[in-house]
Amino acid sequence: MRVGVLTGGGDCPGLNAVIRAVVRKGVQECGWSFTGFRDGWRGVVDGDTATLDVRAVRGLLPRGGTVLGASRTDPFTAPDGIRRIRENLAKHRVEALIAIGGRGTLGIAARLHAEHGLPLVGVPKTIDNDLSATDWTFGFDTAVGIATEAIDRLHTTADSHRRVLVVEVMGRHTGWIALHAGLAGGANIILVPEQRFDLDQVCAWVASRFRATYAPILVVAEGARPRGGGAVEGHAGSVGAWLAAAIERRTGKEARTTVLGHVQRGGSPSAFDRWLATRFGLHAVDAVRDGAHGTMVALRGTEVVRVPLAAATARLKTVDPALYAEAGVFFG
């Protein structure tokens, strides 16, 4: 049997660990061969492949990014995309395909299975941890660790200069990184997309922090917005830069912004993400072997289970208001 593997969407620490686990188990226990498709769905549409064998995956466990490359190609919008996918799978004798990605990549996989009957198994990855069908996605723990270390380092310079430091982290639609890293890093204010913030309240918290003789650290997800639908134009779309300017203008306190950006997605995966990515890869092989097409592997507690791909990508997992409210103890 020959199985295809692709990694789509944004890069993420742990992708290579999944590839390694899939190939090692598939070759050693099942006797399969593997074809990697380069740059996500683009590789399947264009027939751009790479050989995956045990030698090719050696040393991948601690390596960040993805050796297969990634893209946000959507075969449903590509000219004759579905026909070309069928032809390339047949050409390379691929009998099943393991798609590793987030909501975009796996949403495409769900449609290809449901509408065209393609034999697909999904593996969830995203640093945002926003897939509702799984408790955790690999990449998230690494991103939180990177953001937490940055916040730790910024505390000392904030206090030294008596500045407000705004740390903008990734999270266009959900605030999981901001919430976890903010709590772990001892942030004084955490702002997430799920909860519109009151700029007056934010400034009051800043003032309160200075009265306590400490310089505040504010962590904001890139998708957070003020109440009333206020825009953040004029700051290259950066809510962090917009906030720093607004706080400085209203409070008279010097404010600076650090945008962590893609550094959260880079580098070596954490031990937890290596463990989770490896388990997902092993269980993805089991799903293919059992003919469980149209499913995604997911973590529930400590158990890896299978869930329908359609259900896995149907709903965004957002920060629960009660969970966010717990962090309010430390605001101001």
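The surface that the protein chain exposes comes to about 13600 Å², and carbon and sulfur atoms supply 48% of that area. The model is a predicted one, and every value below is computed from it. Of the 332 residues in the chain, 53% count as buried. The 39 positive and 32 negative charges have mean positions that lie 3 Å apart.

**Overall fold**

The secondary structure of the protein chain consists of 11 helices and 11 strands. With a radius of gyration of 22 Å, close to the 20 Å that the globule rule gives for 332 residues, the chain is as compact as a globular protein of that length. Taken along the principal axes, the box filled by the C-alpha atoms is roughly 70 × 35 × 30 Å. Among contacts with a separation of 6 or more, 75% join residues that are 24 or more positions apart.

**Nonpolar cores**

The largest nonpolar core has 83 residues, and the members that touch the most other members are Ile100, Val123, Phe138, Leu191, Ile217, Leu218 and Leu243. Helix H5, which covers residues 140–161, provides the largest share of this core with 8 residues. A second, separate core holds 26 residues, among them Ala99, Leu106, Leu112 and Val305.

Leu218 gives a view of the larger core from one of its members. This leucine is found in strand E8, residues 217–221, and its relative accessible area of 1% falls under the 20% limit, so it counts as buried. Once residues up to four places away in sequence are set aside, Leu218 touches Leu165, Val166, Val167, Ile189, Leu191, Val202, Leu243 and Ile247. Leu309 lies elsewhere in the model: its C-alpha atom is separated from that of Leu218 by 37 Å, with the two positions 91 residues apart along the chain.

**Residues in loops**

Asn129 has its place in the loop between strand E5 (120–124) and helix H5. Although Asn129 is not a glycine, its phi is positive, at about 55 degrees. The residue is buried, with a relative accessible area of 2%, and its contacts, leaving aside neighbours within four places in sequence, are with Asp135, Trp136, Thr137, Phe140, Trp176 and Lys317. Lys317 stands 188 residues from Asn129 along the chain, yet the C-alpha atoms of the two are separated by 7.6 Å.

Asp80 also has a positive phi, near 55 degrees, and is likewise a residue other than glycine. Its loop runs between strand E3 (49–52) and helix H3 (81–91). Here the relative accessible area is 49%, which leaves Asp80 partly exposed.

Val319 belongs to the loop between helix H10 (309–312) and helix H11 (321–327). With a relative accessible area of 3%, Val319 is buried. Neighbours within four places in sequence aside, Val319 is in contact with Gly175, Trp176, Leu179, Glu194 and Tyr324. Trp176 thus appears in the contact list of Asn129 and in that of Val319. Trp136, another contact of Asn129, has its C-alpha atom 13 Å from that of Val319, at a distance of 183 residues along the chain.

**A residue in helix H9**

Arg274 is found in helix H9, which spans residues 271–289. At 26% relative accessibility, Arg274 is above the 20% limit for buried residues and not over the 50% that marks exposed ones, so it counts as partly exposed. Not counting residues up to four places away in sequence, Arg274 touches Ala17, Leu61, Pro62, Ser268 and Pro269. The sequence neighbour of one of these contacts gives a further distance: the C-alpha atoms of Arg274 and Asn16 are separated by 9.1 Å, while the two residues are 258 apart along the chain.

**C-alpha separations side by side**

The table gathers the residue pairs described above.

| Residue pair | Separation along the chain | C-alpha distance |
|---|---|---|
| Asn129 and Lys317 | 188 residues | 7.6 Å |
| Arg274 and Asn16 | 258 residues | 9.1 Å |
| Val319 and Trp136 | 183 residues | 13 Å |
| Leu218 and Leu309 | 91 residues | 37 Å |

Notes. Residues are numbered from 1 along each chain as its sequence is written. This is a predicted model: local features need pLDDT of at least 70, side-chain atom pairs count only at pLDDT 80 or more; totals for chains, interfaces and linings use all residues. Side-chain values use heavy atoms; hydrogens and water are left out. Helices (H or I, at least four residues) and strands (E, at least two) are DSSP runs, numbered from the N terminus. The radius of gyration is taken over C-alpha atoms; the globule rule is 2.2 Å times the number of residues to the power 0.38. Buried means under 20% relative accessible area, exposed over 50%, partly exposed in between (1.4 Å probe, protein chains only). Contact means heavy atoms within 4.5 Å. Accessible areas come from the Shrake-Rupley method with a 1.4 Å probe; for residues, only the protein chains shown count as cover. Lys and Arg count as positive and Asp and Glu as negative; His and the chain ends are not counted. The place of a charge is taken as NZ of Lys, CZ of Arg, CG of Asp or CD of Glu. A nonpolar core is a set of buried Ala, Val, Leu, Ile, Met, Phe, Trp, Tyr and Cys residues joined through side-chain atoms within 4.5 Å.
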